[in-house]
Structure formats: C-alpha cells, structure tokens
Amino acid sequence: MEYILYGILKAAELIATLDTEVFSIALFSLQISATATVCASLAGIPLGFLIETQDFWGRRGTITLFNTLMALPTVVVGLLVYSFTSRQGPLGPLQLLFTPKAMVLGQFILATPIIVALTISATHAVDPRVKLTAMTLGAGRVYTALTILAEARFALMAAVIAGFGRVIAEVGCAIMVGGNIRGYTRTMTTAIALETAKGEFGFSLALGFILLAVAFLVNIFFHYLQSRRD
Amino acid sequence: MDTPQLEIQALTKIYDGKQVLDIPHLVINKGTIYGVIGPNGAGKTTLLSILAILVPPTSGNILFDGVDVTELDQHALRRQITLILQNPLLFTTTVEKNIAYGLRVRGIGKQERTARVKECLRFVGLEGFEKRKTIGLSGGELQRVAIARALALNPTVLLLDEPTANVDRASVDLVEQILRDLNNSLGITIIIASHDMNQVYRLSDEVVHLIDGRLTRAPAANLLRGRVVSQNGDLFLFDTGKLRVAVLPVKPEATHVSIPPEDIIVSHNPIATSARNSFAGKISQVSDEGESVRLVVDVGEKLQVTITKRSFAEMELNVASPVYVTFKSSSVEVF
C-alpha cells in the first residue's frame with residue numbers, strides 16, 4: 001500500500017511543480033491526437049454524410065463495415081502502419097516509421113471509422129423536413145448538405161469527441177509505430193506503460209491524472225455546448 | 001384584368017403505380033388568394049410540392065409567368081414560389097438566423113440581412129424576437145416565423161400547406177390576418193391547401209376542390225365516398241357502405257357523390273314523388289343559419305339539409321325528430 005501512497009504524493013508533486021517532462025509528454029500527446037482527430041473529422045464527416053444520403057450498391061454492407069471497424073484493435077492498426085512504413089514497406093522511402101507522422105497516421109486510421117459510423121447515425125437522425133425546408137428556401141445541394149450537418153452538429157461533436165477519446169487513450173499503435181522515443185515520440189499512454197514497468201508509479205500516476213483531466217475537460221466542454229442549445 | 005401567374009397543363013403525378021394527381025388545366029392569377037380544399041390524401045400536398053418545384057410531375061407542364069418552369073433556374077424559382085410546409089420546421093438556432101437563411105443562400109450581406117429580418121418580423125408581429133431560440137416558441141409563433149422566413153425572400157407566390165394545423169385558436173386569426181395583409185399590401189399570390197373548409201372560404205378569392213387528385217366543381221356539403229355498385233337501365237346505384245343513393249349515369253370509377261343541402265326535402269311521412277331517393281332518419285343537429293335552418297339528418301350517413309325558418313317552425317322539428325329526406329337522382333353530383 002505504501003508504494004501506492006508514495007506514487008500519489010509523487011504525482012501530486014510532479015503536477016504541482018509543473019514538471020517539464022510530464023507536461024511536455026502531455027502536450028505532445030494532445031498534439032498528436034488532436035491532429036489525427038482533425039484529419040479523421042475532415043475525412044470522416046463528409047464520408048459518413050455521403051454514405052447516409054446517397055443510394056449506391058453495397059450501402060448497407062458499407063455501414064456494417066464501418067460499424068465493425070469501430071472496434072479495430074489498436075495493435076492491428078499498429079502492425080498495418082508498421083508494415084507499410086518500415087524500410088521494406090510501400091511507404092518506406094518516406095521514412096515515417098518511429099516519427100510523430102506515423103503516429104498521426106495510425107491514430108487517423110483508428111479514429112476515422114468511429115467518426116464515419118457516428119456521422120452516419122447523426123445524419124440519419126436529422127428530421128427529413130430539414131432538407132425539404134432548405135430546398136424551399138432556395139438552397140442548392142452543397143448548402144442543403146451543410147444545413148443538414150449543422151442540424152446534426154451536437155451529434156457530430158459527440159462523434160469527434162468519441163474519435164479523440166479513442167486515440168488519446170490508445171497505447172498499442174503509438175508504441176508500435178512511434179517507438180516511445182523520449183522527447184520525440186513519447187505519449188502519455190506509452191510513457192505510463194514504460195514507467196510502470198520500471199516501477200516509477202509516481203510518474204505514471206501523474207500522467208494518468210492528466211489523462212483523466214483531459215477526458216474530464218473534454219466532457220465538460222461538450223456538455224457546455226449542449227446546454228447552450230437548450 | 002386577371003393575369004395568369006401559374007398555369008397547370010395536363011398535370012399528372014403517379015406514385016408507386018397509383019395516380020395521385022390528374023389536373024387537366026388550372027390557372028392561378030396574380031395577386032389572388034386561392035384555396036384548395038380536400039380531405040386527407042386528396043393530393044393537396046403533392047400539388048403544392050409540384051408547384052413549389054420540389055417534386056417533378058409525371059407528365060404535364062407548369063408555366064410561371066407564361067414560361068415552362070423546366071426552362072427556368074430551379075433554385076431561383078424556389079425563392080419566388082416559396083412553400084411553407086404543414087408543421088413547418090425551424091432550424092435549431094435563433095429566429096434571426098432562420099429568417100436570414102434564404103438571404104444567406106443568395107449571398108446577401110449582413111447589414112441588408114439584418115434590416116430585412118427586422119422588417120419581416122415587424123410584418124408578422126414578432127418585433128424583438130431576433131435573438132430568441134426557436135426551441136420554446138409556441139405553435140403560433142413558430143408559424144409566424146416560418147411566414148417571415150418565406151417573406152424574407154420576397155416571393156411572388158406563397159404556398160401554404162394546412163397553415164393553421166398546429167396553431168392555437170387565438171393565433172389562427174392572427175395568421176389569417178397576416179396572410180390577408182401579405183396579399184393586400186404586397187400583392188403576393190397565395191395558395192392555401194387545407195381540409196378546413198371554413199378557413200379556406202374565409203380567406204380565399206377562389207376555391208378549388210381536390211378529391212382523389214382531381215379537381216371538382218365545389219361540392220360544399222354532403223360529400224360521400226363510395227363506389228358504383230349496380231346499374232339498372234339508365235339508373236345507377238352508388239354505395240357509401242351505409243347508404244345506397246340512386247344517381248344518373250356515371251363513369252363506373254366514380255368515387256364520390258355530393259348532394260346540395262338545398263335540394264333535399266324533409267317530411268314527416270314518405271312522399272310520393274318522382275324523386276328516386278327517399279330515406280328515413282332522425283335529426284341529430286339543428287343550427288340557425290340566419291334566414292334558414294340547417295339540419296343534420298342521420299339516415300345512416302349524416303346529411304345536411306337546409307330549410308326555411310318557416311318550414312322548420314310549421315313542422316315543429318327538433319333534435320331526435322323522426323323524418324324522411326327525399327332528393328332527385330339528378331341533384332346528386334357524382335365524380
């Protein structure tokens with residue numbers, strides 16, 4: 001029990017003194033996950049919208065596929081990105097492996113299916129009269145699509161947050177394609193895994209608290225936005 | 001002089017193999033209020049959707065100011081012919097953004113948008129509502145914002161589908177007054193589709209009746225649905241399920257009959273006349289109509305009958321009085 005108590009006290013000290021290493025790791029994690037989430041949103045929201053609103057052969061199968069991909073194991077994605085970015089892989093010449101770019105790529109692959117699948121259900125839930133009303137007011141196809149997305153904005157925000165939550169907390173892919181290099185590709189989750197193995201509970205707990213605080217703040221922000229609607 | 005604004009030529013609409021509209025010809029003149037009356041499923045909403053260029057007809061043409069609408073820019077046209085849906089939807093934002101929506105679509109600047117929103121809100125009696133969220137508006141306020149939103153586009157034709165279906169009684173009068181003002185002061189042509197006959201007659205300069213997708217001469221009362229069941233020489237029988245009415249030769253596909261209340265004779269006993277239709281029933285309702293009295297006689301179907309006040313007094317009629325109603329087959333309109 002004593003070492004846990006010691007760990008908590010150490011974590012409090014590291015946070016209170018704004019320990020450079022702890023906070024630089026936290027900041028780096030946020031940067032990687034935020035970049036991956038923004039890219040996944042830019043790709044996933046239009047894709048999800050098109051899948052929901054267009055009629056094409058294999059549409060139901062596509063929706064099922066994206067629902068399945070939501071549970072994609074992080075190590076499988078890590079393996080996929082590793083094999084593509086390793087020296088012998090098709091993206092080998094770009095020398096992406098063990099760089100932040102490879103980590104963003106891996107997290108992008110993890111977040112996109114979540115954002116696509118949740119965008120499909122968010123668009124599906126929009127009142128069909130929204131489209132009709134936009135058309136009666138002279139809106140063209142693009143403006144009508146933007147109006148439907150605007151009406152679904154709270155559900156879309158939930159989709160983006162779910163995507164962010166998935167990648168900020170994942171460890172398998174980040175450790176495989178980032179390599180957990182100190183000061184370069186070390187994130188909160190990879191650092192927690194490493195430091196715990198080394199017995200550095202205080203450092204791990206400090207990062208764990210920050211990770212929880214991030215999740216908490218994101219949720220508070222989301223609830224604030226939702227409350228503004230009502 | 002009447003100037004045609006919209007003209008329907010040989011219009012049909014077929015959904016899933018079923019013909020829901022068949023209008024050979026209809027002209028809507030500029031600056032008038034048209035009422036389209038019909039029961040649910042008569043094709044009113046489909047007609048308005050076609051006129052609003054939201055749904056293409058299966059065949060036929062719509063002319064706007066003499067030009068076939070297919071030759072015009074559809075988006076621009078939708079701003080001129082604006083439809084307010086039954087149970088209109090307001091976007092989940094502020095009243096101001098809703099009203100300015102069509103102006104933003106057109107790329108109109110913020111200053112002009114703000115001024116136009118203010119003007120439109122004043123017209124519908126909702127000054128100061130700009131920053132209000134649409135969630136929480138009453139049915140009447142919502143309908144007025146929907147009218148203001150359509151009005152912001154400066155439409156020349158306004159189409160309204162059941163404009164007061166979700167509006168409280170006090171707001172109905174207000175909405176009707178707004179529609180009259182739009183027509184009187186801005187010269188907007190208005191087409192109202194409703195099943196509320198009183199409202200349509202109250203508001204409209206001209207009324208058309210739509211039954212099963214077809215226009216009919218105005219059958220104001222005693223509209224009964226059914227089918228032709230038998231033919232005996234030159235006499236046909238029309239069965240409503242509760243009543244069999246003798247009618248003059250008709251097309252076998254007829255689905256409705258209408259009997260003018262003034263053409264029905266009421267008596268205490270069966271009378272010997274050439275009239276082919278005579279039914280026993282009971283009076284279920286009596287209402288004073290000024291010079292005359294309107295009775296509702298239940299003969300299986302409830303028939304409205306108009307008689308003079310003097311006849312009413314002399315016959316000593318009242319609710320529950322047993323009576324006979326008699327009318328000629330030639331009085332029955334079949335369509």
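**Exercise 1.** In this predicted model, decide whether S292(B) is buried or exposed, and list what S292(B) touches.

*Solution.*
Step 1. The relative accessibility of S292(B) is 18%.
Step 2. Buried means under 20% relative accessible area, so S292(B) counts as buried at its 18%.
Step 3. As for location, S292(B) belongs to strand 18 (residues 292–298) of chain B.
Step 4. Leaving aside residues up to four places away in sequence, S292(B) touches S287(B), T306(B), I307(B), T308(B) and K309(B).

**Exercise 2.** Place E162(B) and E316(B) in chain B, and state for E162(B) and for E316(B) whether the residue is buried or exposed.

*Solution.*
Step 1. E162(B) sits in the loop between strand 7 (157–161) and helix 6 (169–186). Its phi is near 45 degrees, a positive value.
Step 2. Because its relative accessible area is 6%, E162(B) is buried.
Step 3. E316(B) sits in the loop between helix 8 (309–314) and strand 20 (322–327). The phi of E316(B) is near 50 degrees, also positive.
Step 4. E316(B) has a relative accessible area of 66%, so it is exposed.
Step 5. For background, most residues other than glycine have a negative phi.

**Exercise 3.** Which residues form a positive surface patch, and where does K133(B) lie?

*Solution.*
Step 1. The patch consists of K97(B), R104(B), K110(B) and K133(B).
Step 2. K133(B) is found in the loop between helix 4 (110–123) and helix 5 (139–151) of chain B.
Step 3. With 36% relative accessibility, K133(B) counts as partly exposed.

Definitions and conventions:
Residues numbered from 1 in each chain as written. Chains lettered and ligands numbered in written order. Predicted model: local features only at pLDDT ≥ 70, side-chain atom pairs only at ≥ 80, totals over all residues. Heavy atoms only, no water. Patch = residues over 30% accessible without salt bridge, like charges linked within 9 Å, V, L, I, M, F, W, Y side chains within 5 Å. Areas by Shrake-Rupley, 256 points an atom, 1.4 Å probe, with all protein chains shown as cover. Salt bridge = Lys/Arg side-chain N within 4 Å of Asp/Glu carboxyl O. Lys, Arg positive; Asp, Glu negative; His and termini not counted. Charge placed at Lys NZ, Arg CZ, Asp CG, Glu CD. Helix = DSSP H or I, 4+ residues; strand = E, 2+ residues; numbered from the N terminus. Buried < 20%, exposed > 50% of the residue type's maximum accessible area, 1.4 Å probe, protein only. Contact = heavy atoms within 4.5 Å.
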